[in-house]
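Let's take a friendly look at the pockets of this protein and at what lines them. Have the structure open while you read.

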Amino acid sequence: MSNSDQISIDDIINYLKAEREVYGPFSVSKRDFDRPDQTAETATIQEDEKTEVQPEAETKPLTLSDRLAACSTLDELKQLCSTADELRTDLKNTNLVFGVGNPNADLMLIGEAPGEQEDKQGEPFVGAAGQLLNKILAAINFSRDDIYIANILKHRPPGNRNPTDEECKRSMPFLKRQIELVKPKIILCLGKISGQTMLNSDGTLKSMRGKFHSFKDYELTVTYHPAALLRNQQWKRPTWEDVQMVRKRYDELGGKP
Ligand code: URA
């Protein structure tokens, strides 16, 4: 074979240069062979356009205040309360005592904590103190259906002991949301613990009763607990004065008749 018949390295280089001028540079990757439907050109473009794969955005667990704010009805809040460990006392297997009455009531009563009967029936103030409460309400022309009743605690404490500060603290965010959903004009606290917890005070019952305080947008007052009245006849008169004051203010504020 003569020298002129041989294709030299220089010939090949010159040929490739000329081809590059006409068609531009290109490269062939292994993927182009794996996917024969793609041309080298489209493969290169797709490679360039490939966006970086982002790590999946971390979803933060909802906080208690998020979950409370998401409740737009009392039924939704009750559902949340039914699984809330924050509301439990150290007495095992108690039932939720959420609250009862008119969901749009202008008067809301807040007791301390459920007792044995309330735990059994899942409703506040159904025992002996509840019977007396019904009579007090009737004396100022309210039935239980007109008002809304809840407690600071939604589960019974063991041995009917007073709620601890820590239990009250854990329960308050739930009760606050419950109050926001009912939107009463007046809140009546039954007993010292209820008044102290709502007013964040260590005042005596005597110092808290007989006047209205502010709790957020609501007017709030405190009177004797019906269970205490059953044991202390002398507190019936001041209780009578307190509930008369509540009825008068309720009417002045245009509470539902
Ligand atoms: N005492 C309370 O404070 N609440 C009840 O529900 C019953 C008794």
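Three helices each supply at least two residues of the lining of the largest pocket: helix 7 (128-139), helix 9 (192-199) and helix 11 (226-231). Among the contributors, helix 11 gives the most, with four residues. Keep in mind that you are looking at a predicted model.

In total, 26 residues line the largest pocket. If you want to centre your view there, pick E112, N162, H225, A227 and R231, which lie nearest the centre of this pocket.

Now turn to the second largest pocket. Its lining is made up of P163, D165, C168, K169, M172, I193, Q196, T197, N200 and S201. Two elements give two or more residues to this lining, namely helix 8 (165-182) and helix 9. The largest share, four residues, comes from helix 8. Helix 9 is worth a second glance, as it supplies at least two residues to the lining of the largest pocket and two or more to that of the second largest pocket.

Here are the two pockets side by side, with volumes and the classes of their lining residues.

| Pocket | Volume | Nonpolar lining | Polar lining | Charged lining |
|---|---|---|---|---|
| Largest pocket | about 620 Å³ | 14 residues | seven residues | five residues |
| Second largest pocket | about 310 Å³ | four residues | four residues | two residues |

Which helix should you display for each lining? For the largest pocket, begin with helix 11, which gives the most residues; for the second largest pocket, begin with helix 8, the source of the largest share.

Methods
Residues numbered from 1 in each chain as written. Predicted model: local features only at pLDDT ≥ 70, side-chain atom pairs only at ≥ 80, totals over all residues. Heavy atoms only, no water. 1 Å grid on protein atoms, 1.4 Å probe; cavity = no way out; pocket = protein on both sides within 12 Å on 5 of 7 lines; lining within 4 Å. Points joined across faces, edges and corners; volume = space filled by probe spheres on them. Nonpolar A, V, L, I, M, F, W, Y, C, P; charged D, E, K, R; others polar.
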